[in-house]
Structures are given as structure tokens and as C-alpha cells.
There are 2 protein chains.
Amino acid sequence: MVLNTLGRDIPAEYAEQYGVFSGELAAINDYQESSRHIQPVKPRDQKLLSSIREAIERTGLKDGMTISFHHHFREGDYVMNLVMDEIAKMGIKNLSIAPSSIANVHAPLIEHIKNGVVSNITSSGLRDKLGAAISEGIMENPVVIRSHGGRARAVARGDIHIDVAFLGAPSSDAYGNANGTKGKATCGSLGYAMVDAKYADQVVIITDTLVPYPNTPVSIPQTDVDYVVVVDAIGDPNGIAKGATRFTKNPKELLIAEYASKVITNSPYYKEGFSFQTGTGGASLAVTRFIREQMIKDGIKANFALGGITNAMVELLEEGLVEKIIDVQDFDHPSALSLDRNAGKHYEIDANMYASPLSKGSAINQLDTCILSALEVDTDFNVNVMTGSDGVIRGASGGHSDTAFAAKMSLVISPLVRGRIPTFVEKVNTVITPGTSVDVVVTEIGIAINPNRPDLVEHFKELKVPQFTIKELQEKAYEIVGHPDPIQYGDKVVALIEYRDGTLIDTVKNILH
Amino acid sequence: MVLNTLGRDIPAEYAEQYGVFSGELAAINDYQESSRHIQPVKPRDQKLLSSIREAIERTGLKDGMTISFHHHFREGDYVMNLVMDEIAKMGIKNLSIAPSSIANVHAPLIEHIKNGVVSNITSSGLRDKLGAAISEGIMENPVVIRSHGGRARAVARGDIHIDVAFLGAPSSDAYGNANGTKGKATCGSLGYAMVDAKYADQVVIITDTLVPYPNTPVSIPQTDVDYVVVVDAIGDPNGIAKGATRFTKNPKELLIAEYASKVITNSPYYKEGFSFQTGTGGASLAVTRFIREQMIKDGIKANFALGGITNAMVELLEEGLVEKIIDVQDFDHPSALSLDRNAGKHYEIDANMYASPLSKGSAINQLDTCILSALEVDTDFNVNVMTGSDGVIRGASGGHSDTAFAAKMSLVISPLVRGRIPTFVEKVNTVITPGTSVDVVVTEIGIAINPNRPDLVEHFKELKVPQFTIKELQEKAYEIVGHPDPIQYGDKVVALIEYRDGTLIDTVKNILH
């Protein structure tokens, strides 16, 4: 066992392989960028194939290779299951899969794991049945959890080398120019897929909408594509927007949102040309609305908004309150369509430009403030967005640790308790974001400012929001719902939690019933 | 000496190093893509530096390294001279320079060569005083001439490894997001620069128009940029458009244009959704006009037009006669501005996507027809666009050999003679494009169809344009102006002519006076 600087035990074999977390900038070093093996496409060559099976055959996919998918279709994705079913039928085994994330709809992976088709997984997150199965220990090798920026880093540095990327595209021409804004299952930005397309040895575009050459805008260019396959349907448009939340009416969430917006609009960063990223939760959307009102009142405009985009952001853009949107992913249909309608102002970027800690500068580095959620926050400000209070994997790392560190002021918003479960605890089950990256925590009873930001402590002295220490928030949570029961973990490591730089910030062990 | 398949002598040492041309597809092989050494940029790092000198210092530029520039400012470029002067002052020697091309305005390079600052050059072309100086043998090492697609290939495969790219950008934000459509010296597409930005270890953006973050559209992204420098002026807008030609009134050129447009509009490729690339010469622009008239008459529209773009193309786009423009370079101000105005239909691409023979499929592979110029054409259809009738280097390889091979039907247009000089000769001074890539030659007296295209010979049997053999065209040229005098070359190789695949198709020797 090796202890990292957060005091988390990392088994020696993994510590040696990955290194252990020892500060946000401790492992940011020069490197030689990964490269791909290219088979040139000659003037009369055709890329259009007749089926997914033919594409798998043409790529020469073999046992033990690494394949990837993107998660822009979210709960509406058909592509990963279609491809994995075909691969399973062909008898290919022992694959590593590296989707940018995994949704509930991908529960069929459980069978592919049990049958030996899939033996390694890396993903931003795991949901529902698959998360539970992994937590029960159905895999021999631990899943590797990576943040969105960390995944881009892993691909760029070659920690993940993708042999074949199978990328669903709402529209494509026969030469592989693909985008997410035209077609039937429009998902908007293809920001995560763009990274895979650029670094994978071979790329198969799977679409249900073939358009004449040249398809524009070009999110994934023909120069990154080997084959194109047309299928009946790549995704369910309703599933793509599933879980995208409306403005909340929950009084607790509204209070959190009000406090968060006060922190932002009273911060030193709130001025003409500021920038922000909000999330997709109910409280988070409410923050956007409160900030909007204050911006109108103060006559202040933002230079840009960033991140996973919702229609709430698009409205700010179209009102002229935000100059530009930088978009790595869209969470609803209107924001997907805005990419075309507001071309030039609503801008698609890839995950490398969004959040990689090893790029020549990611967009989050320019962020003034961001709002992040939490399943748990501990008295060191460490945040868990991965495992539930029962220790079972059900969340996703997402851009949490990326934006928390990179933004000039990061806010973590959360109710004090959820049902009978405290959100504020002595020690989080799983660390995704180190407390040193978190600046302000916002709850319905008030805020806690991280003492490692004395500038903010000083600045917010007169702020008209109740202030507590993080320890006080934890104590108040325990007063309400009591001390949480300890979780019964086994000895098997079922997930490795990479920090965005590639070192291990934590591990997750199997659950005993 | 080694003879390549065109019968050109290649000195053994170069033949061994580069290989020799032996057919358009003979050296198209799988390869591992080149990669760059990246120094990550952390959240609070600044890229904005105070001067070109500081940028050179920060990059750690040293004797013997390779630096690059782009030629989008054409005769209006200030950047290469500014940077080279500073480098010379700093005493750095023995550099290899790899600009995408070199213009008349870069004559100061002669001094840098003589002073030992520059010891190797690769470029698409050489003009005027520099071309003459090179032809006289002022360099110890031969210049390497590469086509636009060949240069992209060389960079992608690592044949050229750029240590530092100094890239002029009409506008940039302080984090390096750059484009060519905003600012003072707008050049439009930054297609050639985009390749350097992607593969160079270090990239310095030099701009005279700094804009707020994030600058959009993003032609060169922040993730490809290390430093940003603001100078008073990067280029002369008039120089950028210099040489861009108007519609010709020369009767010989009009006749050539009429014949060329007849060939195209009577070809098997002329149908709804066809595609074409024309050039910037007077006859070439006239072809565009004649084709336009025929398209209107026939009710036929093109899917796309490609290449170096002029306003003539933009007019077709805005008339709806061409669906899309794919743009690697703009030759005049209106076409530069169209990129923004017609965003989504007028599309910027990099040189790799334009023409690289080793990409996963370049745009020229989708071309139905292209129109190319010539300084000389010989009886094997080989084309010279590099050396004059005096053997002196004054031209540029450009996209000539790329498009000639890739397009389904390539036209080379040229008057039979120029002044007292025959264009059609027994043997061209310098081969840029092998005759096997040329399908139809068009002159003011009629056309010659390459016999290696029996399908076209058959198809054009009834075409109402006089037809000749290529030998007849040469004989007619000699009848008019007589047999050309042989050129007195020396023994020194002053330029290596790479074919687009990287093998040597020819060499150029020094001129004796």
C-alpha cells in the first residue's frame, strides 16, 4: 500500500503503474504526443461499407485490442450496443473498451463482460446495473475512471491507445465528414468523439443520415476516418435529452442557487467580460437564471460560457448576455441545434481543448468560475461524485476535477443532506476532486469558504450569506440525519480513480452484502 | 546516377535518401504519424509575450533547428522577414526553413543564406531574385521543392520536423486562438498554417490584431499554440491580393478558356453534383465564367469547388451554382471575407485535408476535374511549372501534381508559345507533374488527350474542338518559334524536386552564364 497526499491507500502494484496523486500540478510534465498508424486512402478508394460487421472485418479487429465510443447520445445511444453485439457474435474476446462515458442503456455490457468479450473498461462513469455489477466484482481487472480532461490527456499521451474507434454521427458523407447538428438523432457537439477520431489508428463512422459530399460543418474530418457505415438508427433523440432538467421549484435548491449566484456576482471575478460554467442539475440551472437577472441589472456581459451546454445558456447567448459559448457537449435538443443557428458564436471544441491538463492550454484555464455538484463533500473539501452512500459506483467523474482546479473560483453546490443521508461527511467514500481544488461550498443553510483561499475569505467578509466552516456543515448534517453507517467493502479493487494528470487519487473496492 | 521511371537522372546520394519516383501510387504506404513534443500550459500561465525576440528566446531556438512560416500573405507578408531579421541579430545560424512557399518579398533571405543563418530550405516555390540566386548556386545544400500535398505529407510523416513555427495571424486572442478572417491583414483561410500548428513542437502566433478570448472562428486553436506576440503590422493587405487576376480580354486566353470549358461541360463528369477546381490565371478565371454560363443553361449545379479560392468562386457560391467551397487558401480580399459571411457553405480546410497523398483521404480525391497551368509541357505530357525556359527557378509546385493525379479528369491549359518561347517541347526542363497524371492539354489551337485515357479519347470523339496529338502540338510550337536553345547547366544540384509521395521526380542544376 502507498498513501497518496490525500491519505488514500493505493495498492502497490497500481501505485507503481500509475503513480499516486501528490498535488494538482505535481505530475504535469513535457511529453511526446501519441501518434496513430495511418493507412492512406487513395483517390478511387471507397470508405462506405455495407454493415457494421464488414467494418469490423475491414479494421482487422482482434482479441485484446482497444476500441472506443463516445457518449454524446447519452441514454439514447444505440451504437455501443450494436457494435458490441456484432463483435460478440464474431467471437472476438478480451477487448478493452474506452468509451468517453457509459449510460444506463449500456447494461448489455454486463453480458459481454461475463462472456469474456470485454475484459477492461475505462470510462468517465458507470451507471445503474453496470455500476452495481462492477461494484460486486464481476470484472477481473479494475475499471479505470478518468475525468473528461484526463481521458483526453490519456489519449494524447498514449496511456489509452485506441485501435478502432466506432463513432456514431448524426450525419456524415460517404468520405467520413461528420457532424452532430444535421440528421435524425442530433446531439450537437461531438467534442468527445473528436479526440478519438484524431488519435485512433482506425475510425469507423456509423450514421443513419448519409448526406452529399462535402458534409459541413465538419466536426470530424474525412482525414480522421477510415470507414463509413449506414444503419437504420444510431440513437433515440428523446434519450439524448433524457435527464436534462428544467428550472427547479424545490425551495432548498432555489436557496442554494440564490446563495451561489450571490457568491458569483459578489466575487472579484464578476465584471464585464467574465466567464462561467454551470451544470445541468436543477439548482445549477437556477443559478444561471439568478446570474442572468443580476447581469441585466448591472449591465454586465460575459465573454463566454463553457461546458456541457443547455438551452439556458443558449438563451443567454441569444439575448446578448454571453458573447460566446464554447461547447464540448450538449444536453438538450435546442442547444444542439444552436450550434448551427449561432455558428461563429456557439463554438464546438474537442475534449482536449476543453479540459486536458497536458494540452497547450485548455479552455477551462480561462474560466473565472464554475458550479459543480457533489454526492459527498468531506471536511477537507474533497468531493465524491462517483460512489453512492452505499459505496456502489453510480456516478461519473466528468469535468469535475478539471474545472474545479482550473477555474479561478470553483463552487461546489449541494444540499446538506439527501433523504436520510448526509452529503457533508468526515471522509468521502471516493475522492474525485481534491479539496485543494474547491474554493467555496454552497448549501441551503449557507456557504463554507476553503481556508486555503484567504483572498476569498477576506473578500467575502461582508457577503450577505451565512458562512460556516466545512466542519460545521458536516456536524450540522450529522445532527439532522445522524452518523452514517460504515460501508462493508471487500478486498478487491474494482475501480481505479485517476486524477486528471494520470496518477491515482483513489480506488474503489467491491461491496459486501 | 539513378534513372527514375520518367528517365530523369537522380544523383545516387539523393536517390538513396529519398527514393526515386516510380509511379503515382508506388510509394503510398502505411506509416506512423509524426508527433510533437508538448510543453503543457497550466491554468495561470500566460502566452502573451512582448516581442518576437522574447518569443525566439522562450522557444529556445538554437543553431541547426527547423522553423516554418506560411505563405497566406503572399506578396504582402511581413512576418518571415521580421522573424529572420531578429534571428540573424541574435546570431543563430544554420537553420532549416520550411515555409509553405516563398514570395518575391522574401528576397532578404539571400543575405541570410550568405551569412550562414539559413542553410537549408524547403518550399513549394522560389521567385524572382531568390530563385535566381539559388539557381546560381549560392546554397551548399539543394532546396527541396514540395507540392502543397507533399509538404503536408512530409510534415505528417516527420520528413520535415518543425521545431518552431512562426505563424502570422490576422487576428488572435491572448491564448492563441487565431483566424484569417478578422483583423487588418485578412488573408482568409489559414489552411497551410494549420498543418504547421498541429505538428510543430512549438508555435508562435504573430498578430497585429489582438481580440478578446475566445476568438472565433478558430482556424488555429489554443491547443496548438505556445506563445502569442503582437506587432504593429503582419502584412500588407494589397500585397496579399497582388497578382490575383481579373477576367482576361486576351483572345488567345479566351479561346483556351472556351475549349477548356467545352471539354469540361461535355465530359462524363459534368452532371448535377459535379465538382471542380480552377486556378487564378486569366484563362482559368475565364473558364469559370464559361462553365457558369453553361451550368445556368443546363440547370446543373456543382456540389463543391475546391482549391485556392478567388471571388469568381464566391460569386458562384452566392448564386447557388456551387453548393460549397472548400478552401485551403484565398487569393483576394472578397474571398477571404466570404469565409465568415458564408460560414457553413464556404469551408476552411488544412493542407493535409486538401491534398496530402498520405492522409486518410484528401479533398482532391473527390474532385471531378481541375484546371492547371504550365510553363512547359512535353511530348510525354510531363509538366514543368518550376523553371523558366532559361532553366532558372521562378515558379512553384503548388497543388499541381496533387490535383493532376487525384482529379478524375485533369486539364492543363497553356498557349502554344509565349513570346519566342515554345510551351510545348520535346522534354521539359523540370518535371513537376508526371505526364501519366495529365488527361487533357488545352491550347488556343485545340486539345490533346492523353492516350493513356482511351475512355476520354472515345468519349470526346465528337467534341467540337480541334484535336491533336501532343507531338503535333510540340511540332506546331517549334514551327512558330523554332527549336529552343539548350540550357547551359552546371554540375551542382541546386534543387531536389520531390514528387508528392516524397520520392524524387527531378532535380535542378545550377545555371552557367
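1. Copies here are superposed by least squares on the C-alpha atoms of residues with pLDDT of at least 70 in both. The pLDDT is the predictor's confidence in each residue, from 0 to 100.

2. This is a predicted model, where local features need pLDDT of at least 70, side-chain atom pairs count only at pLDDT 80 or more, and totals for chains, interfaces and linings use all residues. Residues are numbered from 1 along each chain as its sequence is written.

3. Confidence comes next. Chain A has a mean pLDDT of 96, with 99% of its residues at 70 or more. For the complex, the predictor gives an ipTM of 0.97 and a pTM of 0.97.

4. How do the two chains relate? A turn of 180° and a shift of 0.0 Å along the axis lay chain A on chain B with an RMSD of 0.0 Å. That is therefore the relation of a two-fold axis. A:Ser35 is the residue of chain A that comes closest to the rotation axis, at 2.9 Å (C-alpha). Both copies use the same surface: 100% of the contact residues of chain A recur in chain B. Contact means heavy atoms within 4.5 Å.

5. Now a helix pair. In chain A, the axes of helix H10 (residues 282-298) and helix H11 (residues 311-319) come within 10 Å and cross at roughly 15°. H10(A) is therefore roughly parallel to H11(A) (angles under 35 degrees count as such). Helices are DSSP runs (H or I, at least four residues) numbered from the N terminus. Axes are lines fitted to C-alpha atoms, over the stretch in contact, with angles from 0 to 180 degrees between N-to-C directions.

6. H10(A) contributes A:Leu285, A:Thr288, A:Arg292 and A:Ile296 to the contact. H11(A) contributes A:Ala312, A:Leu316 and A:Glu319.

Terms used. Chains are lettered from A and ligands numbered from 1 in the order in which they are written. Side-chain values use heavy atoms; hydrogens and water are left out. Helices (H or I, at least four residues) and strands (E, at least two) are DSSP runs, numbered from the N terminus. Angles under 35 degrees count as roughly parallel, over 145 as roughly antiparallel, 65 to 115 as roughly perpendicular and the rest as oblique.
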